[in-house]
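User: I would like to learn how to read helix faces and nonpolar cores in a model. Please go through them one at a time.

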Amino acid sequence: MEYDGQELDIEVFFNNWVAQLNKFPIYTLFSYAKVDEEEIDHTFSSASIEYAKLKIKKERFIKSKIQDNKQFEIVMSYLYRQGSINDFAGWSLSEDLFSFDKRDMKTLFGRRKVHMPVVTLQKDSTMFWICHDGSSVISISNDTLFSVLVQSLAFLYII
């Protein structure tokens, strides 16, 4: 994707980039507040976005499956908003990497099992999440599409 030196809004950048990648469906998982539930239900239903609500103790999550760039643009605004307030907000390309499981966690009161979102990478998979205060996006990938070294070697081999 070309970048002309102008500062782009992070949502606009990712909307454009995801459109060029065309790695649909895209799967998302983000936490949300109860006060946003009605708005999310209306927005997602109006856009025919497949989604499920999950509640684990006091935390609420939306897990969705996005079929095209128009749906991604809608969901990206929620992802960025939630990530910017330090809630979990992530998405994966082409396959659902998100699940929930009880894991051992060290707490102030010792070790205990905590029910939490889990990301499980598969072969050739990629996931992204909005970082602290929305200041950046982190990506974890083992997909050769994002491997500069592999792309460079392939280019050299062709020449």
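The turns below take up one helix, then the cores, then a helix pair.

Analyst: This is a predicted model, in which local features need pLDDT of at least 70, side-chain atom pairs count only at pLDDT 80 or more, and totals for chains, interfaces and linings use all residues. Residues are numbered from 1 along each chain as its sequence is written, and side-chain values use heavy atoms, with hydrogens and water left out.

User: Which residues of H2 are buried?

Analyst: An α-helix has 3.6 residues a turn, so residues three or four places apart point the same way. In H2 (helices being DSSP runs of H or I, at least four residues, and strands runs of E, at least two, numbered from the N terminus), Glu37, Ile40 and Phe44 are buried, meaning under 20% relative accessible area with a 1.4 Å probe, protein chains only; exposed is over 50% and partly exposed in between. These buried residues line one face of H2 because they fall within an arc of 60° seen down its axis, taken from the directions from the helix axis to the C-beta atoms. Turned away from that side are the exposed Glu38, His42 and Ser46.

User: What do the buried residues of H2 pack against?

Analyst: They pack against E1, E2, E3 and H3, where contact means heavy atoms within 4.5 Å.

User: Which residues touch the most other members of the largest nonpolar core?

Analyst: In soluble globular proteins, nonpolar side chains tend to be buried together. A nonpolar core is a set of buried Ala, Val, Leu, Ile, Met, Phe, Trp, Tyr and Cys residues joined through side-chain atoms within 4.5 Å. Here the largest has 23 residues, and Ile26, Phe30, Phe44, Phe72 and Trp91 touch the most other members. H3 gives the most to this core, with 5 residues.

User: Which residues of H1 meet H3?

Analyst: Ile10, Glu11, Phe14, Asn15, Val18 and Ala19 of H1 do, facing a set in H3 that includes Phe72 and Met76.
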